[in-house]
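Here is a short note for a colleague who is opening this structure. Please read it with the model on screen.

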Amino acid sequence: MKKIALLGAGGKMGVRLATNLQGSPYEVMHVEPTEAGRTRLKEKTGLDCVDGDNALADADAVLMAVPDRLIGKIAHTFIEKVKPGTAIIMLDAAAPHAGELPKREDVTYFVTHPCHPPIFNDEVTEAAKNDFFGGVHAKQHIVCALMQGPDEHYAQCEQIARTIYKPVMRAHRCTVEQIAIMEPALAETIGATLCLALREATDEAVRRGVPRQAATDFLLGHLTIELAIAFEIFPEGKFSDGALYAIDQARPQIFREGWLERIFDPKAVQRSVEEICNPPKAA
């Protein structure tokens, strides 16, 4: 795979990918429907856009840097324009797992997503330490899934994924369903919700008189050691007897019994990705 059509090249993610693809072995054809996006890409990278239909017809791989909820809808608009054997590379598993992709058996569907830079890392530069999203200075892991297509396409698509998300450490081969379990269920439904709960708890401590900086420093510092123990990154570390007692007392007050089963139920994951693609209208 040498020729890549980058759809949405002028968007926030598109500019990131276009930047990382510069200087790579790939011939990249940048496609952007909006004038504002074309201008943004030019200002950020110096790159120009090309005609979309010609790019799609000539591409070995189509890289979709478009909003998650639009992946399926946009794929339907161009699927008949690509040649057999083209790899369609998507950056999110919601639309593929929700059944939003068009049926065409002679193309490859590949899903990849960044893990983002890990909390526990070996970065030493300020630029890398402050690259929270990843893909610029900080190293990160990625996940990949070959949804359909010849197995030899996996390595070629993974190489493209390693380029757009660089610098990359581990690339984990998963299924589309497994990526959907990790996002939204694991990383967003649970991870992001618990992060916001920690913020709300900090705000409550502040409301009760604790200086904000003290509360923030105290919690974030404790989270370092607590996460290291919980994820066995610090295997010799142990929670104190007092902490274990507090955990036992807190669990039934904070979590309803069966919460993990409810979140990870395949029907719940399916419903979540379907609602990402087709958000329910507000009552």
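The points below go from the whole chain to its strands, helices and hollow spaces.

1. Overall picture. This is a predicted model. The chain holds 12 helices and seven strands. Its C-alpha trace spans about 65 × 45 × 40 Å along the principal axes. Of its 283 residues, 38% count as buried.

2. Strand 1 and strand 2. Start at strand 1, residues 3-7, where four of the five residues are buried. Strand 1 pairs with strand 2 (residues 27-31) in the parallel sense, over five bridges. Look for Lys 3, which stands opposite Glu 27 of strand 2. Between these two strands the chain passes through helix 1, and this β-α-β crossover is right-handed.

3. Strand 1 and strand 3. Strand 1 also pairs with strand 3, again in the parallel sense, here over four bridges. Ala 5 of strand 1 faces a partner in strand 3: Val 62 stands opposite.

4. Strand 3 and strand 4. Strand 3 covers residues 61-64 and pairs in parallel with strand 4 over four bridges. Met 64 has Met 90 of strand 4 as its bridge partner. Helix 4 joins the picture here: strand 3, helix 4 and strand 4 make a right-handed β-α-β unit.

5. Inside strand 4. Which way do the side chains of strand 4 point? Ala 87 and Ile 89 point one way, while Ile 88 and Met 90 point the other way. All of them are buried.

6. Strand 4 and strand 5. Strand 4 pairs with strand 5 as well, in the parallel sense and over four bridges. Ala 87 finds its bridge partner in strand 5, at Thr 108.

7. His 76. This residue lies in helix 4. Is His 76 buried or partly exposed? His 76 counts as partly exposed because its relative accessible area is 47%, and that class runs between the cut-offs of 20% and 50%. His 76 and Leu 101 are 25 residues apart in sequence, yet their C-alpha atoms are 7.0 Å apart in space.

8. Helix 10. What span should helix 10 have? The helix has 14 residues, 241-254, so at 1.5 Å a residue the expected span is 20 Å. Its end C-alpha atoms are 20 Å apart, which agrees. Helix 10 is hardly covered, as the count of buried residues is zero.

9. The largest cavity. One cavity of 30 Å³ or more is counted. The largest cavity has a volume of about 60 Å³. Its lining includes Met 13, Arg 16, Leu 17, Asn 20, Phe 133 and Tyr 165. Helix 1 gives the largest share of this lining, four residues. By class, the lining has six nonpolar residues, four polar and one charged.

10. The second largest pocket. This pocket holds about 590 Å³ of space. Its lining has 27 residues, and Leu 7, Gly 8, Ala 65, Val 66 and Pro 67 lie nearest the centre. Helix 1 (12-21), helix 3 (52-58), helix 4 (71-78) and strand 5 (108-116) each supply at least two lining residues. Of the lining residues, 14 are nonpolar, seven polar and six charged.

11. Where to look again. Helix 1 is worth a second look. It lies on the path from strand 1 to strand 2, gives four residues to the lining of the largest cavity, and supplies at least two to that of the second largest pocket.

Terms used:
Residues numbered from 1 in each chain as written. Predicted model: local features only at pLDDT ≥ 70, side-chain atom pairs only at ≥ 80, totals over all residues. Heavy atoms only, no water. Expected span 1.5 Å × (residues − 1). Buried < 20%, exposed > 50% of the residue type's maximum accessible area, 1.4 Å probe, protein only. 1 Å grid on protein atoms, 1.4 Å probe; cavity = no way out; pocket = protein on both sides within 12 Å on 5 of 7 lines; lining within 4 Å. Points joined across faces, edges and corners; volume = space filled by probe spheres on them. Nonpolar A, V, L, I, M, F, W, Y, C, P; charged D, E, K, R; others polar. Pairing = 2+ DSSP bridges. Right-handed = clockwise from strand over helix to strand, strands pointing away.
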